[in-house]
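Hi,

Here is the structure I promised to pass on to you. My notes on the cysteines and the nonpolar cores follow below it.

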Amino acid sequence: MKLSLAAIFITLRYSPSSLVAAQTQTCSGVSGPFSLKDVTRTCNYETLLDEYTRQVFDVTGSTCAGGSDVTAKEDLDAKMMAATGDTNGEDAAIAICKALYDNADLTAFNEAADKGSDPSDLHFEQEFYNGGGEWQEEVETIYASDDRSATSVLREDAAKVREFYEGRGSYSRVEWPNALTNFDDATCSSHAAMCCWPKDRQANDGNGNCATPYDVNCVDKAPADNTDLCFADLAKGNGSTGLDSDDGFVVFPGDGDNGEGSIHCHGFAWADDEYDSISRYIGNNLFFVSMYDHMHQRGYVKNIPGMPMCGCMDQMPIATRSDCTQVDLTEDWEMMFDGSAFTGKMTKVEIDFNACRGRNNRNNDLWAYAARLYDDGKMTAEQFGKVGRVLTNDEDGYHATEFAKFQKGYVAGYTHLAANYTLVAGRDEMYSGEPHGREAFNKAFFEQSLTAPTNLTVGVFDIGEAPIMMRICPSCRETHKKVWYRRKTPIANDNFDLLHSILYHTSSTAPTGNIWNTDFTLHSSYKDAYNDANPWQCPGGVFDYRRAFVGDCSPDGTKVQNQYSIWSWFPGPRPNVAYYVNKPEITGVQDYVDSSITRADGLTDVDIGNPKMAGNTLEHDGTYHITGSGTDIWSYSDQFHFKSEPWSGDIDISVHLSSFANNGGDRYAKAGIMLRSDDSPDATYAFMQLTGSEGIHSQHRRSKGNHARSTGGVFKTTPAQTSAWLRIVKKQEKIEFYRGTQDSGDTTVTWVLHSTDTILFPDDSFRAGLAVTSHRTDYLSEATFEDYVIEAYSFPTSAPSTSSAPTSWNPIVEIGNPQMAGSYYTSEDGTIDYVKGSGTGIWGSSDSFLFYNEQRLTANTSVEMYIKKFDNGNIYSRGGLMIRDSDDAGAANAFVGAAGGDLGAVFQSRASAGASTDHHKMIYVNYYNAMWVKLDMDVVDAVGVIVTASYKVDEGDAWIVLGSTELTLTGSTVLVGQAVTAGTDYYRALETMEAQKYVVA
């Protein structure tokens, strides 16, 4: 069978002898000339050695008869190395085989058409491969001759092509025409080439739709369609077309009769190694694919506008696929040795042209064949990638086309009149955020549009008082590029999400609340929609609700298909679609964070944890409509949307969550008020929330990277509440969570304490705001917040205590009178310290704990220690390293170590005697709180030092800095050592830290 594209496989006439067997045959070596005849295997070291052993070394009468220690391998290696100068037989064989292939007879490419004056004359071929010339332009006719005999008969005019195919094209190596612009080496880095034809000019060959009589049925006829043509970059074709267009391009939307018409593409590929058998005969493959198989046999001609007819992939248009031909090869050759040099000669070449055999048995497919070459190590990743940028290997080439347009500086879009319209949903290149949520859309559409009804309780809206929405679809048919939706009725069910239904509905059943001719009509202009004139008709009077928004309807009722877009179907029948409500952008609901509006410093409206769908905040008159996606606010990290502002100190924050639209239907969708240390996914936080259907909860993450936990119980009504009053009050480290009630007609909210907890925010700074997560990655939830109040809380605190005079130094000291005596002892091998401490805590303005320490002069100091275990359940307990001004209970200090309750590494300090303790940072480490900790002290002046705290999990890890703080000291010495507190006033509280002895440097 003779078919199409590039690969070369050698027919094996002899089974290879094993290399081991060859090495065991001995003699004194063969002297004098010899020849290796009728060799058919690929020329390489193994073939040369096998043939030398079989045809020369082991032949009866050779010099082996007497026996010797010289093997056939040693004998041949010595001869080849002497002939080539290489240092080993393998390299010498490579040089000898390359010479064989380089010296093989080469047939000039222009012999195929026989139009050139000499082998270098490729003018005809240049014109041919660009898509021009007599073979391309002419169509057979009977009107050019007096006797009505046919002229411009392709197979007669191109008879030399068949002659060449039956001769040297199939029995010799044909030159690769890299002198042509189409195949210039600089544009062939992909190691693949292709032709694409839009025209068929030959009848009765079983290909294309050209038919007789030619003058009637073969004018502008099409080839057999085998691809979807997508994009032509005119700059890529400049070398062949001469258009000299750097910015021009052509996009071919649709396919077949709904697009560019019938296009046929066919190509071939070759190996990165130029001596590989599939690389040496690419000239033959090009001739067969372009001149013989497709032009002579099928009559396929012409080029895609702006592109060459044939060329290397770097010059060709983007298409979804291409057929493919490989070359299956039989070569006979011989190798002569004259005693000093090797000379090879090709004696016979036979070529079969067959369909490519590609990856996973995908045959006759150029992309799949390139994939196979890549899998076999014959094509590099870069070369395969370049093939994939031209052949998209998908259904419609959408992504490749959009990327190509983007590289040209173009994206699909629509510039709307901001005085009349507001974007409420857009996708693909018309995306500027996820769609409006239910309440935000209803507010914009029914209450704030230019045609908003004065009465939302009537059965049918009057003319001029019906909300209008416009859909833009740049790739749709002309009649469907702009469509206006006129709403006839109010929303009867408060839980019905009209916009979500328009975007996502795919059922054949009409959605209750959005029925054609009952709830809405479609129109071709805003004027018609305003006046309720010329509504669209549907085929047979039936709206197909599977086809979102347009239902296969049209202005005159003709069925028009594939003009719809489903938001969950990508790219779907129509990408790049947007919906606009007839509401001015600067009025009503609009983006809360907007550069055109002055906002508080530090205000952010962001997604946390990179959820799949982007959330947003829309605001109007103090009402916030916040959408959010994400997996959850729970576990070790969170995904949600967060509108927040920076805060520090104590706070009182409350809100009325008046509506929670939960399109995903998830019972653990969450919305509420949050205090959060920062915008990282695993940050410390406190969260008072309403869930999708599981009531009101409070939850927290006490340290960065720790697992989130709930606090308090669940308050749930039947049916589950969809609105709630929520409040958080922060009083130093104490967090109070409240839920509220409000009687009808009463403006007073009655607050009920839901739960309390202790949360330490780094340096008492955090972000305060509103949070929403859908608990579903593929859905948005929308929460509407009203009566949002955020203000500082004035919490009375006691005056700082004064420090008493420092006592004399003691290595084991109970600071602040703990309720139980602590202890210090070491393991029998002396490697582990066991430090037990009681006490109410290391916090506030006065501490109570056990301190095992040593006295050091105030100087630059570094102290580090490994905490093996501190795994009690008390979140106020602490065990770690401390640098302290004195053993007075209110002394200045810096502490780094483990926080109980598995909260992790914590850094805290008291800047001066009697001051309050500052919490700097806390990061979850592991279940046992096992870690290395370190304090570095740098002297600033006579009374001041800066202390930097760090931690790491494993000894070989890099230190992670928790922060730095400045301490004011009262003397020339400091205390350095291990500190442990139980963190509770329970009379028998005692906690143990297991640690290696600390080291001071």
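**Disulfides and cores**

C473 and C476 form a disulfide, with 2.1 Å between their sulfur atoms. Please keep in mind as you read that this is a predicted model. The angle about the S-S bond of C473 and C476 is 75 degrees, which makes the link right-handed. C473 and C476 are both buried.

That pair belongs to a longer list: searching the whole structure turns up eight disulfides. Here are two others from the list.

One of them connects C324 and C356, at an S to S distance of 1.9 Å. This link is left-handed, with -65 degrees about the S-S bond of C324 and C356. C324 sits in strand 14 (residues 323–337), while C356 sits in the loop between strand 15 (342–355) and helix 14 (366–375), so the disulfide ties together parts that are 32 residues apart in sequence. C324 and C356 are both buried.

Another disulfide joins C538 and C553, again with S to S 1.9 Å. Its handedness is right-handed, at 100 degrees about the S-S bond. C538 and C553 are 15 residues apart, and each is in the loop between helix 19 (526–531) and strand 20 (578–581). With a cut-off of under 20% relative accessible area for buried, C538 counts as buried because its relative accessibility is 6%. C553 is buried too, as its relative accessible area is 1%.

Why does C230 have no bond to C265? The closest cysteine sulfur to that of C230 is the one in C265, and at 9.7 Å it is too far for a bond, given that a disulfide needs the sulfur atoms within 2.5 Å. C230 itself counts as buried, because its relative accessibility is 2%.

Now for the cores. In soluble globular proteins, nonpolar side chains tend to be buried together. In this model the largest nonpolar core has 69 residues, and Y129, F183 and F287 have the most contacts inside it. Helix 13 (residues 282–296) provides the largest share of this core, with eight residues. Beyond its neighbours within four places in sequence, Y129 is in contact with a set of residues that includes F109, L180, F183, L286, M291, P308 and C310.

There is also a second, separate core, made up of 35 residues. Among its members are F496 and V550, along with C473 and C538, and these two cysteines bring us back to the disulfides: C473 is bonded to C476, and C538 to C553.

Happy to talk any of this through whenever suits you.

Best wishes

Methods:
Residues numbered from 1 in each chain as written. Predicted model: local features only at pLDDT ≥ 70, side-chain atom pairs only at ≥ 80, totals over all residues. Heavy atoms only, no water. Helix = DSSP H or I, 4+ residues; strand = E, 2+ residues; numbered from the N terminus. Buried < 20%, exposed > 50% of the residue type's maximum accessible area, 1.4 Å probe, protein only. Core = buried A, V, L, I, M, F, W, Y, C linked by side-chain atoms within 4.5 Å. Contact = heavy atoms within 4.5 Å.
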